[in-house]
Amino acid sequence: MVLIIREPIDQKKIVERLRKPSDGAVVTFDGVVRDHAMGKPVCYLEYEAYEEMALKKMEQICADAREKWPISDISIVHRLGRLDIGETSVFIAVASPHRRPAFEACQYAIDTLKKIVPIWKKEYYTDGAIWIEGQS
Amino acid sequence: MRVNVRFFASLADIVKSRTAEVELEDPIATVGDVFAYFSSKYPDLAKYSENIMLAVNGEFATADTKIKSGDEVAFLPPVSGGVWS
């Protein structure tokens, strides 16, 4: 399941949906809005996306992960709009019968998302704001 | 031919719009032609020519990708990346 939403991400609901007795492992990644960047305090973030393409790319990541690892299920949910410090911007959950594929697929999903999914964040500081593009 | 163009993040700030329509006379235009059209209008865009990502109808494309009437061309700044450690 992939979703792009503007409301807070309900992690518990996502995990409950994919957690099954036939799977011995659920690995999750919780992307948190950090309170600093490059030594500067951050007040809040704004995320924007090319939504139609972002959804397609998130689906592609799920399909590729299923092909590479014997996982049972994977969910990726990204939030857009204004996010405050400590909130979750992206949440990934992977279930598999054994833990290793779930760990590896989860890491693959977040690393690939950061490379190919067209979603950008703007960091707001006390004295201005900048788009974070490329490595940061 | 007429194509729809979309700009995101800092690129949308430069052109002060998120969408545009452009009429191209060349019947065999490429994504690069569309970018050239906008960078001549907005010189700040040209700075991005090296590391911009291009898309046609929601799929990654290159400057050589040919476009047809009604296509949606998108100019995407590099995504935020994040650091592993």
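With which residue does A:E52 form a salt bridge, and how far apart are the closest N and O atoms? Select A:E52 and B:R6 together in this predicted model: the partner is B:R6, and the closest N and O atoms of the pair are 2.6 Å apart.

**The interface of chains A and B**

Keep both chains in view, since this salt bridge is one of five counted between chain A and chain B. The side of chain A that touches chain B draws at least two residues from each of β5 (44-49), α2, α3 (99-116), β9 (119-125) and β10 (128-132) of chain A, and α3(A) gives the most, with five residues. By residue type, that side of chain A divides into 10 nonpolar, four polar and 10 charged residues. Colouring every residue in contact across the boundary should pick out 24 residues of chain A and 23 residues of chain B, while the area buried between the two chains is about 2,100 Å², of which carbon and sulfur atoms give 51%. The interface also holds 10 residue pairs in polar contact, counting pairs in which both residues are at pLDDT 80 or more.

**From B:R6 into chain B**

Stay on B:R6, which is buried, with a relative accessible area of 18%, and add B:E72, whose side chain meets that of B:R6 in a salt bridge at 3.5 Å, N to O. B:E72 lies in strand β5 of chain B and B:R6 in strand β1 (residues 2-7) of chain B, so this pair ties together parts that are 66 residues apart in sequence.

Next select B:K68 and B:D71, which form a salt bridge with their closest N and O atoms 3.2 Å apart. The two ends of this pair are unlike in accessibility: B:K68 counts as exposed at 55% relative accessibility, whereas B:D71 counts as buried at 4%. With these pairs displayed, note that salt bridges sharing partners join A:E52, B:R6 and B:E72 into one network.

Then move to B:S69, in the loop between β4 (59-61) and β5 (72-76) of chain B. Leaving aside residues up to four places away in sequence, B:S69 touches B:M1 and B:R2, and the side chain of B:S69 reaches the backbone nitrogen of B:R2 at 3.4 Å. A C-alpha to C-alpha distance drawn from B:S69 to B:A29 should read 9.7 Å, although the two are 40 residues apart in sequence.

**Back to chain A: helix α2 and strand β6**

Show residues 51-68 of chain A as a cartoon; the 18 residues of this helix, α2, should span 26 Å at 1.5 Å a residue, and the end C-alpha atoms are indeed 26 Å apart. Which residues of α2(A) are buried? They are A:M53, A:A54, A:K57, A:M58, A:I61, A:C62 and A:A65. An α-helix has 3.6 residues a turn, so residues three or four places apart point the same way.

Now centre on A:D73 in strand β6 (residues 73-79) of chain A, which counts as buried at 13% relative accessibility. A polar contact of 3.1 Å joins the side chains of A:D73 and A:R66, and the residues that A:D73 touches beyond four places in sequence also include A:L18, A:K20 and A:V94.

**A last stop at A:D127**

Finish with A:D127 and A:K40, a salt bridge whose closest N and O atoms are 3.6 Å apart. A:D127 lies in the loop between β9 and β10 of chain A and A:K40 in strand β4 (residues 40-41) of chain A, so the pair ties together parts 87 residues apart in sequence. A:D127 counts as exposed at 58% relative accessibility, while A:K40 is partly exposed, with a relative accessible area of 35%.

Note on methods. Residues numbered from 1 in each chain as written. Chains lettered and ligands numbered in written order. Predicted model: local features only at pLDDT ≥ 70, side-chain atom pairs only at ≥ 80, totals over all residues. Heavy atoms only, no water. Helix = DSSP H or I, 4+ residues; strand = E, 2+ residues; numbered from the N terminus. Expected span 1.5 Å × (residues − 1). Buried < 20%, exposed > 50% of the residue type's maximum accessible area, 1.4 Å probe, protein only. Polar contact = N/O pair within 3.5 Å; in protein donor to acceptor, adjacent residues only side chain to side chain. Contact = heavy atoms within 4.5 Å. Buried area = accessible area lost by both parts, 1.4 Å probe. Salt bridge = Lys/Arg side-chain N within 4 Å of Asp/Glu carboxyl O. Nonpolar A, V, L, I, M, F, W, Y, C, P; charged D, E, K, R; others polar.
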